[in-house]
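Biologist: I am new to this structure and would like to learn how to read it. May we go through its features one at a time?

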Amino acid sequence: MEGNRTLLTEFVLRGITDRPELQVPLFLVFFFIYVVTMVGNLGLIFLIWKDPHLHTPMYLFLGNLAFTDACTSSSVTPKMLMKFLNKNDMISLGECGAQYYFFCFSATTEIFLLFVMAYDRYVAICNPLHYVVVMSKRLCTVLISMSYIIGFINPAVHVGLLFRLTFCRSNAIDHFYCDLLPVYTLSCTDPTLNALVIFIFASSIQISTSVTIVVSYARVLFAVLNMKSKKGRKKAFFTCSAHLFSVSLFYGTLLFMYVSHGSGPGNNQDKLYSLFYTVVIPLLNPFIYSLRNQEVLGALKKIIKL
């Protein structure tokens, strides 16, 4: 049977839509989004690096979050833009694995950075007198390093398992990037093990970190409500509400796609959810974290005046 099958090594990304009249408008929209995303995230990294007042644990974590957002957008958007222009909608199995690896690396790292940022806010608000001691430079380095290490390991497992599969059905991936769940539907080898491993890894990582984040912010909220200083309460509320909004968007779409949704990808609803965590959230994050942050705005004003 294997000898009579044509094994596929190249695939076609079908993209967001096949309608030809929408290709150029969508290219312009997503090109603009990509430029703003990169300027926002790289600009935030530059501000944090340039201003000594922002050399604190919170902004160190925020700078790394901006880096992972830039990586997430860059792993998906350029290929999507090429598809809009019909320049290159083909992708080899190796390129497919590489694209998913870099996307999953940045997404996994971001999950743990959001977890670390929640812990940082918990210590800052619930235990402010010991904040400098607890959030030492050494601990911050360890937390960030562990986030990246887990980010490197998680996709390596899934991409490694991808190459145990053979593909001999349709070569059309009904998605705008090489997400593995739609790729599995094209396999003529049983992908049950691959899908199960993705489910186990995604559920264990996302549920454990999200529960910890919710508990941390619940304790933070209780501490904020008991603050006597109105100014301190307002500052803490704005900081934590920005974090919570970003966390809710990111976790909500990821939990739906990889935990509760199972393995039935390929429709427009899946693409919409995917757009949130690959395109929209990396665009919004630098603005969510900086628009009401007086320290970041102050650093920006200093740069503009130079």
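**Reading burial, contacts and packing**

Modeller: Let us begin with a single residue: Cys140 counts as buried because its relative accessibility is 3%, and buried means under 20%. Please keep in mind that this is a predicted model.

Biologist: Where is Cys140 placed, and which residues does Cys140 contact?

Modeller: Cys140 lies in helix α5. Setting aside neighbours within four places in sequence, its contacts are Pro57, Leu60, Phe61 and Met135. One may also compare separation along the chain with separation in space: Cys140 and Phe238 are 98 residues apart in sequence, and their C-alpha atoms are 23 Å apart.

Biologist: How many residues does helix α5 have, and what span should they cover?

Modeller: Helix α5 covers residues 137-162, which is 26 residues. At 1.5 Å a residue the helix should span 38 Å, and the C-alpha atoms at its ends are 38 Å apart, so the two values agree.

Biologist: Which residues of α5 are buried, and against which helices do they pack?

Modeller: The buried residues of α5 include Cys140, Leu143, Ile144, Tyr148, His158 and Leu162. The buried residues of this helix pack against α2 (57-84), α3, α6 and α7 (192-225).

Biologist: What does Leu161 in helix α5 contact?

Modeller: Beyond its neighbours within four places in sequence, Leu161 is in contact with Leu193, Asn194 and Val197. Leu161 is 70 residues from Ile91 in sequence, with 18 Å between their C-alpha atoms.

Biologist: Let us turn to α6. Is Leu180 buried or exposed?

Modeller: Leu180 counts as buried because its relative accessibility is 0%. This residue belongs to helix α6, residues 180-184. Not counting residues up to four places away in sequence, Leu180 touches Tyr100, His158, Leu162 and Ile198. Two of these partners, His158 and Leu162, are among the buried residues of α5. As for distance, Leu180 and Ser203 are 23 residues apart in sequence and 16 Å apart in space, C-alpha to C-alpha.

Biologist: How should one read a pair of helices, and at what angle do α3 and α9 cross?

Modeller: One considers the axes, then the residues that meet. The axes of α3 (residues 93-126) and α9 (residues 268-290) come within 13 Å and cross at roughly 35 degrees. Their crossing is left-handed. On the α3 side, Phe103, Glu110, Leu114 and Met117 take part, and they meet Tyr277, Thr278, Ile281, Asn285 and Tyr289 of α9. By class, this contact has six nonpolar, two polar and one charged residues.

Biologist: Which residues does Thr72 contact?

Modeller: Thr72, in helix α2, is buried, with a relative accessible area of 2%. Apart from neighbours within four places in sequence, Thr72 is in contact with Phe103, Ser106, Ala107, Glu110, Tyr277, Thr278 and Pro282. Among these partners, Phe103 and Glu110 of α3 and Tyr277 and Thr278 of α9 also belong to the contact of those two helices.

Biologist: Which residues of the largest nonpolar core touch the most other members?

Modeller: Of its 80 residues, Phe30, Phe167 and Phe250 touch the most other members. Helix α3 gives the most to this core, with 18 residues.

Biologist: What are the contacts of Phe30?

Modeller: Without its neighbours within four places in sequence, Phe30 is in contact with Ile16, Thr77, Met80, Leu81, Phe84, Leu275 and Val279.

Conventions
Residues are numbered from 1 along each chain as its sequence is written. This is a predicted model: local features need pLDDT of at least 70, side-chain atom pairs count only at pLDDT 80 or more; totals for chains, interfaces and linings use all residues. Side-chain values use heavy atoms; hydrogens and water are left out. Helices (H or I, at least four residues) and strands (E, at least two) are DSSP runs, numbered from the N terminus. Buried means under 20% relative accessible area, exposed over 50%, partly exposed in between (1.4 Å probe, protein chains only). Contact means heavy atoms within 4.5 Å. Axes are lines fitted to C-alpha atoms, for helices over the stretch in contact, and angles run from 0 to 180 degrees between N-to-C directions. A crossing is left-handed if the near helix is turned anticlockwise from the far one by less than a right angle, and right-handed if clockwise. Ala, Val, Leu, Ile, Met, Phe, Trp, Tyr, Cys and Pro count as nonpolar, Asp, Glu, Lys and Arg as charged, and the others, Gly among them, as polar. A nonpolar core is a set of buried Ala, Val, Leu, Ile, Met, Phe, Trp, Tyr and Cys residues joined through side-chain atoms within 4.5 Å. The expected span of a helix is 1.5 Å times one less than its number of residues.
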